[in-house]
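Could you walk me through this model in the viewer, one selection at a time? I would like to know what to pick next and what is there.

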Amino acid sequence: MKSITLIMMLTLSCLFAHADNYSSQQSLDDIISNMLLKNTIGLRYGAPSNKQIVPINTKEFYFQHRLHPITGSLITPAFELSVSQLNVGEEKGYVYGFGPAMSIPIGGSNGNLHFTAHGKIHYLTRDDFGRKRYGGPVHWTYGFGLKTNLGINTFASYMWQHMSNGDVYEYNPALETHTVTLGINF
């Protein structure tokens with residue numbers, strides 16, 4: 001008889017514990033769905049915005065770490081690290097970059113649409129591609145665009161980006177690209 005009573009008590013306590021866990025789980029789901037995911041990895045593909053003397057494109061992998069939104073504003077600052085492949089005709093070079101970035105939600109979009117911007121300093125492993133030269137290895141980039149959420153942690157974006165050496169070298173051609181991105185927040 002004692003064992004049947006013990007089994008009944010354990011069964012009832014498990015049922016009540018499960019009900020408590022359900023409400024706790026519901027709250028946890030709400031917390032997770034509203035949580036600011038701090039990191040992003042993404043792939044960017046860029047093509048020149050104006051005609052070039054040789055075919056050019058960029059392929060970039062980047063990591064971004066977001067900070068807390070600035071108090072009293074909608075701006076969320078971030079830091080970004082990137083590795084790009086700069087393809088000029090049949091030749092390739094690599095571009096390493098880092099710098100600040102930011103994101104601002106656009107009103108009325110329920111947080112699904114954001115204005116984004118970044119500014120980075122780059123080191124080019126190769127700046128002379130024969131018919132296309134970039135003047136030297138150190139360059140600066142700034143870009144502006146729009147990002148839309150595809151799911152809780154995935155997004156797509158469009159960005160217009162400008163890269164030049166800021167007249168540090170005698171020769172300063174700019175590369176302006178239309179860039180599309182697919183990324184994951186985690």
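Here is a tour that goes from the whole chain to single residues.

**The whole chain**

Please keep in mind that this is a predicted model. Start with a cartoon view: the protein has one helix and eight strands, and along the sequence the order is α-β-β-β-β-β-β-β-β. Now switch on the surface. Its accessible area comes to about 11400 Å², with 66% of that belonging to carbon and sulfur atoms. Of the 186 residues, 34% are buried. If you have a contact map open too, look at the pairs at least 6 apart in sequence: 54% of those contacts join residues at least 24 apart.

**The nonpolar core**

Next, select V54, I56, L86, V88, V95, L124, F129, Y134, M163 and L175. These ten residues form the largest nonpolar core. Centre the view on L124 and show its neighbours. Leaving aside residues up to four places away in sequence, L124 touches L86, Y94, V95, Y134, P137, H139 and M163.

**Aromatic rings**

Stay with two members of that core, F129 and Y134. A search of the whole structure gives four aromatic pairs. In the pair of F129 and Y134, the ring centres are 6.1 Å apart and the planes meet at 85 degrees; the pair is edge-to-face because an angle over 60 degrees counts as such. Are these two residues buried or exposed? F129 has a relative accessible area of 4% and Y134 has 0%, so both are buried, the limit being under 20%.

Then select F115, Y142, F144 and W160, which ring pairs link into a cluster.

**Charges over rings**

Two more selections show a charged side chain with a ring. Pick R133 and Y171: R133 lies over the face of Y171, at 4.5 Å from the ring centre. Then pick K147 and F155, where the charged end of K147 sits over the ring, 4.9 Å from its centre. Keep F155 on display, as the next stop returns to it.

**T40 and its polar partners**

Go to strand β1, residues 39-48, and select T40. T40 is buried, with a relative accessible area of 1%. Which side chain does T40 join by a polar contact of 2.5 Å? The partner is R66. Another polar contact, of 2.6 Å, runs between the side chains of N185 and T40. Widen the selection to what T40 touches beyond four places in sequence, and you will have Y62, F63, Q64, R66, F155, I184, N185 and F186.

Now move to N185, which is in strand β8, residues 175-185. N185 is buried as well, at a relative accessible area of 9%. Residues touching N185, again not counting those up to four places away, are L37, N39, T40, R66, N153 and F155. R66 and F155 thus appear in the lists of both T40 and N185.

**A last stop in a loop**

Finish with A174, in the loop between β7 (154-164) and β8. A174 is partly exposed, with a relative accessible area of 35%. With residues up to four places away set aside, A174 touches H162, M163 and S164. Of these, M163 is one you have already selected as part of the core. To close, draw a distance from the C-alpha atom of A174 to that of Y134: the two are 40 residues apart along the chain, and their separation is 7.8 Å.

Methods: Residues numbered from 1 in each chain as written. Predicted model: local features only at pLDDT ≥ 70, side-chain atom pairs only at ≥ 80, totals over all residues. Heavy atoms only, no water. Phe/Tyr/Trp six-rings, centres within 6.5 Å; stacked < 30°, edge-to-face > 60°. Buried < 20%, exposed > 50% of the residue type's maximum accessible area, 1.4 Å probe, protein only. Lys NZ or Arg CZ within 6 Å of the ring centre and 35° of its normal. Helix = DSSP H or I, 4+ residues; strand = E, 2+ residues; numbered from the N terminus. Contact = heavy atoms within 4.5 Å. Areas by Shrake-Rupley, 256 points an atom, 1.4 Å probe, with all protein chains shown as cover. Core = buried A, V, L, I, M, F, W, Y, C linked by side-chain atoms within 4.5 Å. Polar contact = N/O pair within 3.5 Å; in protein donor to acceptor, adjacent residues only side chain to side chain.
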